[in-house]
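Visitor: I should like a close look at a single part of this structure. Please select one region and describe its packing, its contacts and its surroundings in one connected account.

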Amino acid sequence: MLYQAADDTAGEVNSLILLAGIAYDYGSSRAIEIWERCVPLARRINHTEALVRSLSNLGAAWFYLGDLDRTVTARGGTVDLARGGGSPA
């Protein structure tokens with residue numbers, strides 16, 4: 001990826017979120033893998049918006065797959081994050 005080569009983690013995570021969305025729209029389970037990759041990247045650079053988007057999208061994907069435990073885990077804390085309350089564990 002060009003963003004990796006440029007050491008632009010914010011660009012990388014934002015492009016991965018979009019890529020995962022496209023994969024999700026096409027019904028690919030790869031979307032989950034990509035969003036899961038985004039979470040640590042967003043945390044590493046303290047990119048709260050990307051972290052909230054990744055976790056929220058993961059929660060939606062797990063919900064539609066019927067895995068409510070993972071839905072709760074992924075969605076847990078996103079409201080606090082969005083309001084500036086810190087990051088989930």
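Guide: The account that follows concerns helix α4 and its surroundings. The model is a predicted one. Helix α4 comprises residues 48-64, and it packs with helix α5, residues 68-75, at an angle of about 170 degrees, the two axes lying 8 Å apart. Because angles over 145 degrees count as roughly antiparallel, α4 and α5 are roughly antiparallel to each other. On the α4 side, the contact is made by Leu 55, Ser 56, Leu 58, Gly 59, Ala 60, Trp 62 and Phe 63. Helix α5 contributes Leu 68, Arg 70, Thr 71, Ala 74 and Arg 75. By residue class, this contact divides into seven nonpolar, three polar and two charged residues.

Leu 58 also has a place in the largest nonpolar core, which has 22 residues. Leu 58 is among the residues with the most contacts inside that core, together with Val 13, Ile 17, Trp 35 and Leu 51. Helices α2 (9-25), α3 (30-44) and α4 are the elements that give two or more residues to this core. The largest share, eight residues, comes from α3. In soluble globular proteins, nonpolar side chains tend to be buried together.

Helix α4 also holds a salt bridge, formed by Arg 53 with Glu 49, whose closest N and O atoms are 3.8 Å apart. Both residues lie in α4, four residues apart, about one turn of the helix. Arg 53 is partly exposed, with a relative accessible area of 28%, whereas Glu 49 has 52%. Since exposed means over 50%, Glu 49 therefore counts as exposed.

The loop between α3 and α4 contains Asn 46. The phi angle of Asn 46 is near 55 degrees, a positive value in a residue other than glycine. Asn 46 is exposed, at 66% relative accessibility.

The other two helices that give two or more residues to the core, α2 and α3, are linked by a salt bridge between Glu 12 in α2 and Arg 37 in α3, 25 residues apart. The closest N and O atoms of this pair are 3.3 Å apart. Glu 12 is buried, at 6% relative accessibility, while Arg 37 is partly exposed, with a relative accessible area of 38%. The Glu 12 and Arg 37 pair and the Arg 53 and Glu 49 pair are among the four salt bridges that the structure holds.

Technical notes. Residues numbered from 1 in each chain as written. Predicted model: local features only at pLDDT ≥ 70, side-chain atom pairs only at ≥ 80, totals over all residues. Heavy atoms only, no water. Axes fitted to C-alpha atoms, helices over the stretch in contact; angles between N-to-C directions. Parallel < 35°, antiparallel > 145°, perpendicular 65-115°, else oblique. Contact = heavy atoms within 4.5 Å. Nonpolar A, V, L, I, M, F, W, Y, C, P; charged D, E, K, R; others polar. Core = buried A, V, L, I, M, F, W, Y, C linked by side-chain atoms within 4.5 Å. Buried < 20%, exposed > 50% of the residue type's maximum accessible area, 1.4 Å probe, protein only. Salt bridge = Lys/Arg side-chain N within 4 Å of Asp/Glu carboxyl O.
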